[in-house]
Structure formats: structure tokens, C-alpha cells
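Trainee: I'd like to learn how to read a protein structure feature by feature. Could you walk me through one?

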Amino acid sequence: MNKELIVSKIKEGTVIDHIPAGRALAVLRLLGISGKEGTRVALVMNVESKKLGRKDIVKIEGRELTPDEVDIISAVAPSATINIIRNYEVVAKHKVKPPQVIKGRFRCRNPNCVTNLPREPIATSFVLIKSEPLTFACEYCGRYHTLEELV
């Protein structure tokens, strides 16, 4: 029996590899990809990996991620590798790193935080406090949030 994984190559776009198993959908959510955009997306979940044991892979055709998008992926996939594809070849490879500040992407879990008040149109802002485990603090109320809490 053949144990190969068959997913076609993309001509132009981005491949996100080494996503921890089960987190590919969260990566798509962070990137604002719902499937309604008309963009071809290949999603492979829970495949064997020498490095991680099991991993997910996402291929997005026709879209190159911005540096901000690359860094925000680290919130759900700190081990991810981003490959930029042009004319079927990898032209750039990036390891994700946690951003120092995340603005407007996540909701503060403190119900009394000013960012959660309906009459206050303030975007959330979280500052990286430590890398292991990833911990961010709300810039407005100071509450610490782990990666899992934010996502």
C-alpha cells in the first residue's frame, strides 16, 4: 500500500507547513478565510510528521501573506513555516515568530475591560509578556492571556 500524501502543487501563493495537528482551521480563521472568497485552499490535517508527530498543512492559492499575517499565525501555530510560492517554486521561507503587539485581532477575556464596553469603540491591543508559554497582556486592563485564551 502506498503511503504518499497527494496534494497538487500551487502555481502562486502560500503554503503554511508544520502547523500543530488540529490547528489549521484556527489559522484559516485568523487569516479571515471562510471559503466564500473564491480562493482555492487545500487543507490537510493530522498527517504524519517526523518533527511534530502529526501536523496540519494549508495551501492558499493566489495569495501571499503579509509579514503581519505571518507573525499573527504564531499565536496558534508557533512551529509553523511559511513558504511563498511563485511559478511552482518556493521563493521565500519564513519561520513564524510571535508579534510584540497584536491589535484588533482578539477579544479581551475581562468582561470589565474598556474594549468590551459597547459605548467605547476601542480596538483591543495585547503586548507580548513571555514566549514560553506564549502570554500576552491587554494594554488597557492589564489582564494576562495565554495563547489558548486568546484564540
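Mentor: Happy to; we will go through the nonpolar cores, one serine and a group of cysteines. Keep in mind that this is a predicted model.

Trainee: Let's begin with the interior. Which residues have the most contacts inside the largest nonpolar core?

Mentor: The general idea is that in soluble globular proteins, nonpolar side chains tend to be buried together. Here the largest such core has 33 residues, and Ile16, Val27, Leu31, Ile73, Ile82 and Phe106 make the most contacts inside it. Several elements each supply at least two residues of this core, including strand 1 (13-20), helix 2 (67-73) and strand 7 (125-130). The largest share, five residues, comes from helix 1.

Trainee: How many residues does the core draw from each domain?

Mentor: At least three from each of domain 1 (13-95) and domain 2 (101-149). There is also a second, separate core of six residues, with Val44, Val47, Ile57 and Ile85 among them.

Trainee: Now the serine. Is Ser74 buried or exposed?

Mentor: For burial, look at the relative accessible area: under 20% counts as buried. Ser74 has 1%, so this serine is buried. Ser74 sits in the loop between helix 2 and strand 4.

Trainee: What does the side chain of Ser74 reach?

Mentor: The backbone oxygen of Asp71, at 2.6 Å. To see what else packs around a residue, set aside its neighbours within four places in sequence; for Ser74, that leaves contacts with Val96, Lys97, Pro98, Pro99 and Leu134.

Trainee: And the cysteines? Which residues does UniProt list for "binding site"?

Mentor: The unreviewed entry lists Cys108, Cys113, Cys138 and Cys141. With a list like this, compare spread in sequence with spread in space. These residues span 34 residues in sequence, but no two of their C-alpha atoms are more than 8.8 Å apart, so they gather at one spot.

Trainee: Where do Cys108 and Cys113 lie?

Mentor: Cys108 lies in the loop between strand 6 (101-103) and strand 7, and Cys113 is found in the loop between strand 6 and strand 7. Cys108 is buried, at 1% relative accessible area, and Cys113 is buried with a value of 1%. Beyond residues up to four places away in sequence, Cys113 touches Cys108, Cys138, Tyr140 and Cys141. Counted in that way, the contacts of Cys108 include Cys113, Cys138, Cys141 and His145.

Trainee: Which residues does UniProt give for the C-terminal domain feature?

Mentor: Its unreviewed entry places "Aspartate carbamoyltransferase regulatory subunit C-terminal" at residues 102-149. That span is 6% helix and 31% strand, and its end C-alpha atoms lie 14 Å apart.

Definitions and conventions. Residues numbered from 1 in each chain as written. Predicted model: local features only at pLDDT ≥ 70, side-chain atom pairs only at ≥ 80, totals over all residues. Heavy atoms only, no water. Core = buried A, V, L, I, M, F, W, Y, C linked by side-chain atoms within 4.5 Å. Buried < 20%, exposed > 50% of the residue type's maximum accessible area, 1.4 Å probe, protein only. Helix = DSSP H or I, 4+ residues; strand = E, 2+ residues; numbered from the N terminus. Domains from an automatic or database assignment. UniProt positions renumbered as here; feature names shortened; annotations may be inferred. Polar contact = N/O pair within 3.5 Å; in protein donor to acceptor, adjacent residues only side chain to side chain. Contact = heavy atoms within 4.5 Å.
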